[in-house]
Structures are given as C-alpha cells and as structure tokens.
Amino acid sequence: MTIKPKTGNNNLPKVFIKTFGCQMNKLDSELIFGSLVKKGYMLVSDEEIADVILFNTCSVRQKAEDKVYSQLGRLKKRKEERPDLIIGVMGCMAQNEGEKILERMPHVSLVCGTRMFLKLPSFLEEINRSNRQILAINEDVTVDYDRLVTQRLNRFSAFVSIMRGCDNYCSYCIVPYVRGREFSRSVEDIVNEVKGLVDDGCKEITLLGQNVNSYGKGLHSNSTLATLLQKLDTVDGIERIRFVTSHPKDMSKEILEAVGELRSVCEHLHMPAQSGSDRILQKMRRFYTSSQYRELIDMARDLVPDITIASDFIVGFPGESDDDFNDTVTLMKEVRYQNCFTFKYSPRTGTYAEKFVDDVTEEIKKKRNHILLELQSEISTKMNKEKIGKSVEVLVEGTSKTDKSKLTGRTRQNQIVVFHSPERFFPEHSISDSRAGDPSSFIGKLVNVTINDATDLTLYGCVRE
Ligand code: SAH
Ligand code: SF4
Ligand code: F3S
C-alpha cells in the first residue's frame, strides 16, 4: 500500500512535513513519516489542518536557512491561536543551528538533528505530555533502521540510502559538519530493503549517498559500489537502478563497467565538477584536476556510449577570476552535459573556506551564474533535439501538470519526457481494460516513446503505434 497525503477529517493526529534540500532529505522525510504512521499519525498535504508541522531542512547555502526562518516566523501567529500545535525543525539546519532556533523562534517545540529523527514519535509524545521544548542534536548516534517499505509516497520509484555522512570536507561545504562521518550500510541491509521495495511494486531504485563512489569504506566485506550494483542487478523484478552522487576523485573503471554492462543500471551519471579551474579546484579541496576530470568523462563515454552526464558548478568561489571562470565555461562546452545545477558561492560558518574572503561581488556571481545557465540551456536543447525521431524507453511517473491528457516520465538517461496518453495508441486496451480511458492506468509502466520535439529540459513524443 502506498500512503497518499489525505485532507480527510478523521480523528488521527495529522502531520504535515515540508522537505527542503537534497534527495537524502526526501528519503528521511519518508522514513520520519513511516515511523509516525506506525504510531497512528496521518500525513496531510494541507498545513492549515495539521496538528504537527515539521520542516525537514537544508543548510547547504544561507538562502536555504533563511527560507526556513521566514516560514517559521509566519507560523508564530498560528501557534498563539492554537497552543497545542507542535512545530518541529528537523534535518541539517536543526543540526547546524541547534539551540539558536529555539532562541529565535520560541514557538518551535522541537529541534531534531540528522541522527535522531527516528526517535521523533517519542519526542512528540514527550512534548504532548510535558509541553517542554526538546533539542535533540547528538552527534554520536548511528542512523540505523528497519524501513517499513510499504510507507512510500511514490509507488514505483524509491530512494535507498547506501551510506550516510561525508568525509570529504570540500572546503566550501557544510554537509560533513551537519551529517557527520561517512558510514556505509551493510550490503545485506541494502539488498533486503531493495527486495522489500521491489516486492511492493517498486520498479526504480535510486541509491543515495553524498559520495556513493566510496561505498564500502569501513565495511569488512570488501564491497564496492560496483559489487553492490552487481548484486542488486540480480534482484528479481528490478527494472532500473540509479546512484547519486559521484565524486570524481573516487570514480573507478569498475563502476563505469558496471553501468555499461548491467541490465538494470541506468546510463546516467551525476558527477559534479564544481569548477573547470585547477587553481579553484585545489582551493575547493576536490583532489582532482580538470584534465583528470575530462579523462573520466572520456572513459565513461567509451565504456557507456549512450551515457548522459550531469554536474554541479559553484560560481564566485573566493578568488575566482575571469580566467578561472572561463575555464569553467570551456569545461561545460567540452563535456556537453545533459543538465547542470549551478550555484552562487555562499560562505558557511565552520567550513575551511570561511577563512577566504568572499571577494566576488553578488553582481558578478549573478552574471556568471546566468552565463552558465544560458550556455547549459543551449547545449541541452541541442542534445535533446538530436533525439527527435528516435525511440526511448520511459518509466511513466504521472500525468503532465499542464495537460492531464498527457503522461510524463523519464528515460534511462534521466531525461524528462511528456507524451500523448497511450490509450489512443492501444485500441485493444480499451476493450480489455476498463480503466483504459484513464491515462493514469499507465503510471508505473515502461513504454517506448518516439520523440517528435524537444526543449532544453523536456522531450516530447508519442507512444509508437
Ligand atoms: N555530495 C554531493 C552534493 C552535496 S551539496 C556532491 O558532492 O556532489 C550539492 C551541491 O551544492 C554541491 O555539489 C555544490 O555544488 C553546492 N554547494 C555546496 N556547498 C555550497 C556553498 N557553500 N555555496 C554554494 N553552493 C554549494
Ligand atoms: Fe559536500 Fe564535498 Fe561531501 Fe559533497 S563530497 S557533501 S560537496 S563535502
Ligand atoms: Fe542535503 Fe542540504 Fe543537508 S543538500 S545533506 S539537506 S545540507
């Protein structure tokens, strides 16, 4: 059974969870929700009717934290009107800001960090009983859980964490401080979780970690990401396996061979370069040069000819000159990414880069960000247009937001596809399946779509007749 947010009016305590940040946070929200459902809570999609409002937060840039403070400020009045309302802050910003949140926002009842979230039901009980504020940000706790695989927000696609934390300490990044030391889960736990998810109807699994390429470090089993992928590929019923994020310094030929050879592993890599300038990469403490990065891209394309590659870039890192930035532009042009996420550098307290002067002005950061976005859009459009006339396999995710008669899904290479509802092309279906008129009956299925148009972010097509 998949749990959908309800707006119903029954007597179960209602919880609303808003998630900020990365996929790891999305997964944690699902785990949090699973632990609450076991205790009789119900998830609602309307904050106004909730008895418990939780923000699962991100600290990666200052803006992400500011957003949460502003949303918390907005809730002050509601708490005055409804003193029994519980407002909780979870995740990375809870870990990072800790007590400061309770001081700045006294109407918040709970601040719960990245390693204590599975204790949430007992914290809520305690708050209900004693009406006291709780601060739970211990760092010496390992996140260990037995997932209730039936409690999912997406029936056909699921995240599975294969590791937590990060030991890389890239100089700009707060993640190692808020998520703690790197820790790989055992192969057995991961395989069991994946089997449970697939038995429950899941077709696509995305393996999560801040640096999945170093999976296995610290385990006694000599496992690597490549051997884990081999094992998971044999799980009966699994259609697609993805993994994020790949750190270039830990990418190996074995991993790329696994992507090329294993049936279910999708031909897509998210391998952030962050910058194209060797000088900046060194200051970022990334431990590779732009030519080593290019060699990895060549190896990936050699071993997996139809692979698509995505990246993250930071513009305006301290000391980034026009020349450094131009090196990034050149790298972007040469690699021809499928898509890129670009960010303006945001200084984070406690990181190594904090000691560098944030000397690139906001105006220049904005300008450089804009240049990268425009360039990437041009490249993506060209690459997507090359798909016109070709057939792609799509896992149907849902109906299109703008046109309910159309369906949307992703290719193995992670491109978004919007296409005509298959019922028009499967006349036999309308006879044998009473739901044939409802395009949503195709959600979760794999279909072949012929592409007839493309923009930078989307392919358009129809199901092959
Ligand atoms: N572990 C992942 C991503 C972590 S955060 C990885 O290593 O790829 C996601 C992205 O946010 C990073 O890739 C980086 O591009 C960006 N980022 C991290 N810290 C930042 C900062 N202080 N300012 C701006 N962008 C940042
Ligand atoms: Fe941050 Fe670097 Fe770790 Fe990614 S690998 S989470 S960018 S420290
Ligand atoms: Fe993710 Fe943001 Fe935390 S990127 S790990 S939610 S700081």
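In this predicted model, asparagine 56 touches a varied set of residues from elsewhere in the sequence: leaving aside those up to four places away, the contacts are Lys18, Thr19, Phe20, Asn25, Asp28, Ser29, Ile32, Met90 and Gly91. Asparagine 56 belongs to strand β3. Its relative accessible area is 2%, and because buried means under 20%, asparagine 56 counts as buried.

Strand β3, which spans residues 52-57, is also met from the side of helix α6: the buried residues of that helix pack against β3, and likewise against α1 (23-38), β4 (86-90), β5 (110-112) and β6 (134-136). Helix α6 itself covers residues 120-130, and its buried members are Leu120, Pro121, Phe123, Leu124, Glu126 and Ile127. A general point helps in reading this list: an α-helix has 3.6 residues a turn, so residues three or four places apart point the same way. In α6, Leu120, Phe123 and Ile127 are among the buried residues. After the helix comes asparagine 131, with a positive phi near 60 degrees.

We turn next to the ligands. The surroundings of ligand 3 are made up of Cys22, Asn25, Thr57, Cys58, Ser59, Val60, Cys92, Arg179 and Gln210. One of these, Asn25, is also a contact of asparagine 56. By class, the shell around ligand 3 comprises four nonpolar residues, four polar ones and one that is charged.

Gln210 appears again at ligand 1, where it is listed with Tyr172, Gln274, Asp312 and Ser346 as the closest of 14 surrounding residues. Several polar pairs can be picked out here. The side chain of glutamine 210 places an N or O atom 2.8 Å from a nitrogen atom of ligand 1. Aspartate 312 also takes part through its side chain, with a polar atom 2.6 Å from an oxygen atom of the ligand. Serine 346, by contrast, contributes a polar backbone atom, which lies 2.8 Å from a nitrogen atom of ligand 1. On its own, ligand 1 would expose 540 Å², and 89% of that area is buried by the protein. Two elements each give two or more residues to its shell, namely β13 (308-315) and β14 (339-344).

The shell around ligand 1 is mixed in class, with six nonpolar, four polar and four charged residues. It also brings two domains together as contributors: domain 2 (154-266) and domain 3 (276-385) each supply at least three of its residues.

Conventions. Residues numbered from 1 in each chain as written. Chains lettered and ligands numbered in written order. Predicted model: local features only at pLDDT ≥ 70, side-chain atom pairs only at ≥ 80, totals over all residues. Heavy atoms only, no water. Near = heavy atom within 4 Å. Polar contact = N/O pair within 3.5 Å; in protein donor to acceptor, adjacent residues only side chain to side chain. Areas by Shrake-Rupley, 256 points an atom, 1.4 Å probe, with all protein chains shown as cover. Helix = DSSP H or I, 4+ residues; strand = E, 2+ residues; numbered from the N terminus. Nonpolar A, V, L, I, M, F, W, Y, C, P; charged D, E, K, R; others polar. Domains from an automatic or database assignment. Buried < 20%, exposed > 50% of the residue type's maximum accessible area, 1.4 Å probe, protein only. Contact = heavy atoms within 4.5 Å.
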